[in-house]
Amino acid sequence: MTYMNKTCDNAAQDQWSALYLKMACVLTETYGVNGKGVVREGVRKYAAALAQERKNALLAAGMKTNLKTFFSCGFGLPCGDRAKHEWIRNTEQEMFVTIAACPYAECWKGDTHEIGRMFCEEYYHALVHEGTSEKAQINLGYTMLNGRDDSCRLSVYLRPANVPAPQRAQCFPGFDPECGDSAECLDYTPDYQRQKHTLVKSFLSAAEERMGADCVELVRSTVKTYGKETGDEDLLSALEA
(Lines give C-alpha, C1' and ligand atoms only; values in the text may rest on other atoms or scores of the structure.)
Protein backbone atom coordinates (compact mmCIF):
# COMPACT_ATOMS: atom_id res chain seq x y z
CA MET A 1 0.00 0.00 0.00
CA THR A 2 1.30 3.44 -0.92
CA TYR A 3 0.11 6.52 0.96
CA MET A 4 0.89 10.10 0.01
CA ASN A 5 -0.13 13.18 1.97
CA LYS A 6 -1.05 15.57 -0.83
CA THR A 7 -1.84 18.46 1.51
CA CYS A 8 1.85 18.99 2.24
CA ASP A 9 3.39 22.38 1.42
CA ASN A 10 6.50 21.38 -0.52
CA ALA A 11 8.16 24.79 -0.26
CA ALA A 12 7.63 24.97 3.51
CA GLN A 13 8.96 21.44 3.90
CA ASP A 14 12.12 22.37 1.98
CA GLN A 15 12.58 25.48 4.11
CA TRP A 16 12.28 23.34 7.25
CA SER A 17 14.89 20.91 5.88
CA ALA A 18 17.24 23.79 5.04
CA LEU A 19 16.83 25.29 8.52
CA TYR A 20 17.75 22.01 10.20
CA LEU A 21 20.76 21.64 7.92
CA LYS A 22 21.97 25.16 8.58
CA MET A 23 21.77 24.89 12.36
CA ALA A 24 23.25 21.39 12.45
CA CYS A 25 26.15 22.26 10.15
CA VAL A 26 27.09 25.36 12.14
CA LEU A 27 27.01 23.44 15.42
CA THR A 28 29.13 20.56 14.16
CA GLU A 29 31.60 22.84 12.39
CA THR A 30 32.00 24.99 15.51
CA TYR A 31 31.98 22.39 18.28
CA GLY A 32 32.84 19.10 16.58
CA VAL A 33 31.73 16.04 18.53
CA ASN A 34 30.11 18.20 21.21
CA GLY A 35 28.20 20.04 18.51
CA LYS A 36 26.90 16.72 17.19
CA GLY A 37 25.67 15.99 20.70
CA VAL A 38 23.69 19.23 20.68
CA VAL A 39 22.20 18.39 17.29
CA ARG A 40 21.14 14.92 18.39
CA GLU A 41 19.61 16.21 21.61
CA GLY A 42 17.84 18.97 19.70
CA VAL A 43 16.33 16.41 17.32
CA ARG A 44 15.16 14.25 20.21
CA LYS A 45 13.49 17.24 21.86
CA TYR A 46 11.87 18.22 18.57
CA ALA A 47 10.51 14.72 17.96
CA ALA A 48 9.22 14.46 21.52
CA ALA A 49 7.37 17.77 21.17
CA LEU A 50 5.65 16.67 17.95
CA ALA A 51 4.82 13.26 19.42
CA GLN A 52 3.34 14.71 22.59
CA GLU A 53 1.10 16.98 20.55
CA ARG A 54 -0.06 14.05 18.43
CA LYS A 55 -0.64 11.88 21.50
CA ASN A 56 -2.72 14.61 23.14
CA ALA A 57 -4.80 14.96 19.98
CA LEU A 58 -5.44 11.21 19.84
CA LEU A 59 -6.51 11.06 23.47
CA ALA A 60 -8.71 14.14 23.09
CA ALA A 61 -10.45 12.40 20.19
CA GLY A 62 -11.10 9.33 22.35
CA MET A 63 -8.57 7.24 20.43
CA LYS A 64 -5.85 4.83 21.47
CA THR A 65 -2.14 5.58 21.15
CA ASN A 66 -0.89 2.59 19.20
CA LEU A 67 1.12 2.39 16.00
CA LYS A 68 -1.89 2.34 13.68
CA THR A 69 -3.47 5.46 15.14
CA PHE A 70 -0.21 7.30 15.78
CA PHE A 71 1.05 7.03 12.20
CA SER A 72 -2.38 7.38 10.58
CA CYS A 73 -2.61 9.82 7.67
CA GLY A 74 1.19 9.74 7.35
CA PHE A 75 1.95 11.49 10.64
CA GLY A 76 5.63 11.93 11.37
CA LEU A 77 6.87 11.00 7.91
CA PRO A 78 8.14 13.14 5.01
CA CYS A 79 5.16 14.21 2.92
CA GLY A 80 3.99 15.64 -0.38
CA ASP A 81 3.97 14.49 -3.98
CA ARG A 82 7.76 13.97 -3.90
CA ALA A 83 7.59 11.51 -0.99
CA LYS A 84 6.74 7.87 -1.51
CA HIS A 85 5.81 5.54 1.35
CA GLU A 86 5.34 1.84 0.68
CA TRP A 87 3.40 0.50 3.66
CA ILE A 88 4.22 -3.13 4.26
CA ARG A 89 2.35 -3.55 7.53
CA ASN A 90 0.29 -1.08 9.52
CA THR A 91 -1.40 -2.48 12.63
CA GLU A 92 -1.74 -1.59 16.30
CA GLN A 93 1.37 -3.59 17.13
CA GLU A 94 3.50 -3.41 13.98
CA MET A 95 4.39 -0.70 11.48
CA PHE A 96 6.70 -1.48 8.57
CA VAL A 97 7.19 1.17 5.91
CA THR A 98 9.72 1.70 3.15
CA ILE A 99 10.38 5.33 2.29
CA ALA A 100 11.29 5.06 -1.36
CA ALA A 101 11.52 8.80 -2.01
CA CYS A 102 12.25 11.48 0.60
CA PRO A 103 12.40 15.27 0.21
CA TYR A 104 14.53 15.49 3.36
CA ALA A 105 17.17 13.23 1.85
CA GLU A 106 17.21 15.28 -1.34
CA CYS A 107 18.14 18.33 0.73
CA TRP A 108 20.65 16.55 2.95
CA LYS A 109 22.41 14.22 0.53
CA GLY A 110 25.98 14.71 -0.71
CA ASP A 111 28.59 16.20 1.60
CA THR A 112 25.99 16.77 4.33
CA HIS A 113 24.55 13.24 4.32
CA GLU A 114 25.98 12.51 7.78
CA ILE A 115 24.14 15.53 9.20
CA GLY A 116 20.92 14.26 7.65
CA ARG A 117 21.45 10.74 8.90
CA MET A 118 21.86 12.02 12.47
CA PHE A 119 18.35 13.43 12.27
CA CYS A 120 16.81 10.13 11.20
CA GLU A 121 18.78 8.13 13.77
CA GLU A 122 17.39 10.20 16.64
CA TYR A 123 14.02 11.37 15.34
CA TYR A 124 12.08 8.14 14.89
CA HIS A 125 13.12 6.60 18.20
CA ALA A 126 12.16 9.70 20.17
CA LEU A 127 8.95 10.17 18.17
CA VAL A 128 7.62 6.66 18.78
CA HIS A 129 8.71 6.41 22.41
CA GLU A 130 7.10 9.72 23.36
CA GLY A 131 3.94 9.16 21.33
CA THR A 132 3.17 5.54 22.17
CA SER A 133 5.34 3.84 24.80
CA GLU A 134 8.96 3.75 25.92
CA LYS A 135 8.72 -0.01 25.43
CA ALA A 136 8.24 0.29 21.66
CA GLN A 137 11.05 -1.16 19.56
CA ILE A 138 12.28 0.84 16.57
CA ASN A 139 14.61 -0.33 13.84
CA LEU A 140 15.81 1.99 11.11
CA GLY A 141 17.23 -0.47 8.61
CA TYR A 142 18.15 0.72 5.17
CA THR A 143 18.82 4.46 5.02
CA MET A 144 19.31 6.35 1.79
CA LEU A 145 21.72 8.72 3.52
CA ASN A 146 24.29 6.05 4.35
CA GLY A 147 25.79 6.14 0.87
CA ARG A 148 24.73 2.58 0.02
CA ASP A 149 20.93 2.29 0.02
CA ASP A 150 18.34 3.92 -2.23
CA SER A 151 15.51 3.77 0.32
CA CYS A 152 14.82 3.81 4.06
CA ARG A 153 13.09 1.02 5.97
CA LEU A 154 11.39 1.78 9.27
CA SER A 155 10.18 -1.16 11.37
CA VAL A 156 8.38 -0.51 14.64
CA TYR A 157 6.95 -2.96 17.19
CA LEU A 158 4.62 -2.23 20.10
CA ARG A 159 3.89 -5.49 21.92
CA PRO A 160 1.24 -5.44 24.68
CA ALA A 161 3.36 -7.84 26.74
CA ASN A 162 6.16 -5.25 26.83
CA VAL A 163 3.93 -2.31 27.71
CA PRO A 164 3.36 -1.71 31.45
CA ALA A 165 -0.05 -3.03 32.48
CA PRO A 166 -1.48 0.39 33.47
CA GLN A 167 -0.60 1.74 30.01
CA ARG A 168 -2.04 -1.08 27.90
CA ALA A 169 -5.61 0.24 28.01
CA GLN A 170 -4.39 3.57 26.65
CA CYS A 171 -2.69 1.86 23.73
CA PHE A 172 -4.94 -1.07 22.82
CA PRO A 173 -8.75 -1.34 22.67
CA GLY A 174 -8.56 -5.02 23.60
CA PHE A 175 -7.20 -4.10 27.04
CA ASP A 176 -9.86 -1.50 27.78
CA PRO A 177 -13.14 -3.14 28.84
CA GLU A 178 -14.93 0.21 28.62
CA CYS A 179 -13.78 0.91 25.07
CA GLY A 180 -16.46 0.80 22.43
CA ASP A 181 -15.86 1.42 18.76
CA SER A 182 -12.64 3.39 18.55
CA ALA A 183 -11.55 5.32 15.47
CA GLU A 184 -8.23 4.32 13.94
CA CYS A 185 -7.40 7.36 11.83
CA LEU A 186 -6.82 10.94 12.97
CA ASP A 187 -6.41 13.52 10.24
CA TYR A 188 -2.99 15.11 9.89
CA THR A 189 -1.91 18.12 7.86
CA PRO A 190 1.77 19.04 8.31
CA ASP A 191 2.45 22.63 9.36
CA TYR A 192 6.13 23.13 8.62
CA GLN A 193 6.08 26.81 9.53
CA ARG A 194 4.99 25.87 13.02
CA GLN A 195 7.43 22.96 13.07
CA LYS A 196 10.28 25.33 12.28
CA HIS A 197 9.46 27.18 15.48
CA THR A 198 9.46 23.90 17.39
CA LEU A 199 12.78 22.92 15.83
CA VAL A 200 14.43 26.21 16.79
CA LYS A 201 13.16 26.07 20.38
CA SER A 202 14.35 22.47 20.68
CA PHE A 203 17.83 23.36 19.47
CA LEU A 204 18.01 26.36 21.79
CA SER A 205 17.06 24.15 24.74
CA ALA A 206 19.62 21.50 23.78
CA ALA A 207 22.33 24.13 23.33
CA GLU A 208 21.68 25.59 26.77
CA GLU A 209 21.65 22.21 28.47
CA ARG A 210 24.75 20.84 26.78
CA MET A 211 27.03 23.78 26.01
CA GLY A 212 25.79 26.95 27.64
CA ALA A 213 25.34 30.59 26.68
CA ASP A 214 27.85 30.78 23.81
CA CYS A 215 26.23 27.85 22.05
CA VAL A 216 22.77 29.33 22.57
CA GLU A 217 23.94 32.58 20.99
CA LEU A 218 25.37 30.65 18.04
CA VAL A 219 22.02 29.01 17.40
CA ARG A 220 20.24 32.35 17.75
CA SER A 221 22.57 34.11 15.32
CA THR A 222 22.26 31.24 12.84
CA VAL A 223 18.48 31.44 12.94
CA LYS A 224 18.58 35.22 12.53
CA THR A 225 20.81 34.86 9.48
CA TYR A 226 18.54 32.20 8.02
CA GLY A 227 15.46 34.37 8.64
CA LYS A 228 17.01 37.36 6.88
CA GLU A 229 18.31 35.31 3.95
CA THR A 230 14.94 33.66 3.35
CA GLY A 231 12.70 36.57 4.30
CA ASP A 232 11.15 34.45 7.04
CA GLU A 233 10.58 37.18 9.58
CA ASP A 234 7.96 35.08 11.36
CA LEU A 235 10.63 32.57 12.38
CA LEU A 236 12.43 35.21 14.42
CA SER A 237 9.56 35.16 16.90
CA ALA A 238 10.76 31.69 17.96
CA LEU A 239 13.79 33.43 19.46
CA GLU A 240 11.69 35.60 21.74
CA ALA A 241 10.58 32.83 24.09
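These exercises work through contacts, salt bridges and cysteines in a predicted model.

**Exercise 1. Place Met118.**
Find which helix holds Met118, decide whether Met118 is buried or exposed, and list what Met118 touches.

Solution.
- Step 1. Find the helix. Met118 sits in helix H5, which covers residues 113-131.
- Step 2. Check the accessible area. Met118 has a relative value of 2%. Buried means under 20%, so Met118 is buried.
- Step 3. List the contacts, leaving out residues up to four places away in sequence. Met118 touches Tyr20, Thr28, Lys36, Val39 and Arg40.
- Step 4. Try one distance. Leu77 is 41 residues from Met118 along the chain, and their C-alpha atoms are 16 Å apart.

**Exercise 2. Follow the salt bridge of Asp14.**
Work out which parts of the chain the pair Asp14 and Arg82 ties together.

Solution.
- Step 1. Get the total. The structure has 19 salt bridges.
- Step 2. Pick out one of them. The side chains of Asp14 and Arg82 form a salt bridge, at 3.0 Å from N to O.
- Step 3. Locate both ends. Asp14 belongs to helix H1 (residues 10-31), while Arg82 lies in the loop between helix H3 (67-70) and strand E2 (84-90), so the bridge ties together parts 68 residues apart in sequence.
- Step 4. Check accessibility. Asp14 is partly exposed at 30%. Arg82 is partly exposed at 34%.

**Exercise 3. Link helix H2 to helix H5.**
Describe the pair Arg40 and Glu121, then the pair Arg44 and Glu122, and name the network they belong to.

Solution.
- Step 1. Take Arg40 and Glu121. Their side chains meet in a salt bridge of 2.9 Å, N to O. Arg40 is in helix H2 (residues 33-60) and Glu121 is in helix H5, 81 residues apart.
- Step 2. Check this pair's accessibility. Arg40 is partly exposed at 24%, and Glu121 is partly exposed at 31%.
- Step 3. Take Arg44 and Glu122. Their salt bridge is 2.9 Å, N to O. Here too the pair links distant parts of the chain: Arg44 is in helix H2 and Glu122 in helix H5, 78 residues apart.
- Step 4. Check accessibility again. Arg44 is partly exposed at 26%, whereas Glu122 is buried at 14%.
- Step 5. Join the pairs. Salt bridges with shared partners connect Arg40, Glu41, Arg44, Lys45, Arg117, Glu121, Glu122, Glu209 and Arg210 in one network.

**Exercise 4. Sort the cysteines.**
Decide which cysteines form a disulfide, and explain why Cys185 does not bond to Cys73.

Solution.
- Step 1. Recall the bond. A disulfide is a covalent bond between the sulfur atoms of two cysteines.
- Step 2. Count. The whole structure contains 1 disulfide.
- Step 3. Name the pair. Cys8 is joined to Cys79, with 2.1 Å from S to S. The link is right-handed, with 50° about the S-S bond.
- Step 4. Locate the ends. Cys8 lies in the loop between strand E1 (2-3) and H1, and Cys79 in the loop between H3 and E2, 71 residues apart.
- Step 5. Check accessibility. Cys8 is buried at 11%, and Cys79 is buried at 2%.
- Step 6. Test Cys185. Its closest cysteine sulfur is in Cys73, 3.0 Å away. A disulfide needs sulfur atoms within 2.5 Å, so this gap is too far for a bond. Cys185 is partly exposed at 46%.
- Step 7. Finish with Cys215. Cys215 is in no disulfide, and the nearest cysteine sulfur, that of Cys25, is 14 Å away. Cys215 is buried, at 0% relative accessibility.

Technical notes: Residues numbered from 1 in each chain as written. Predicted model: local features only at pLDDT ≥ 70, side-chain atom pairs only at ≥ 80, totals over all residues. Heavy atoms only, no water. Helix = DSSP H or I, 4+ residues; strand = E, 2+ residues; numbered from the N terminus. Buried < 20%, exposed > 50% of the residue type's maximum accessible area, 1.4 Å probe, protein only. Contact = heavy atoms within 4.5 Å. Salt bridge = Lys/Arg side-chain N within 4 Å of Asp/Glu carboxyl O.
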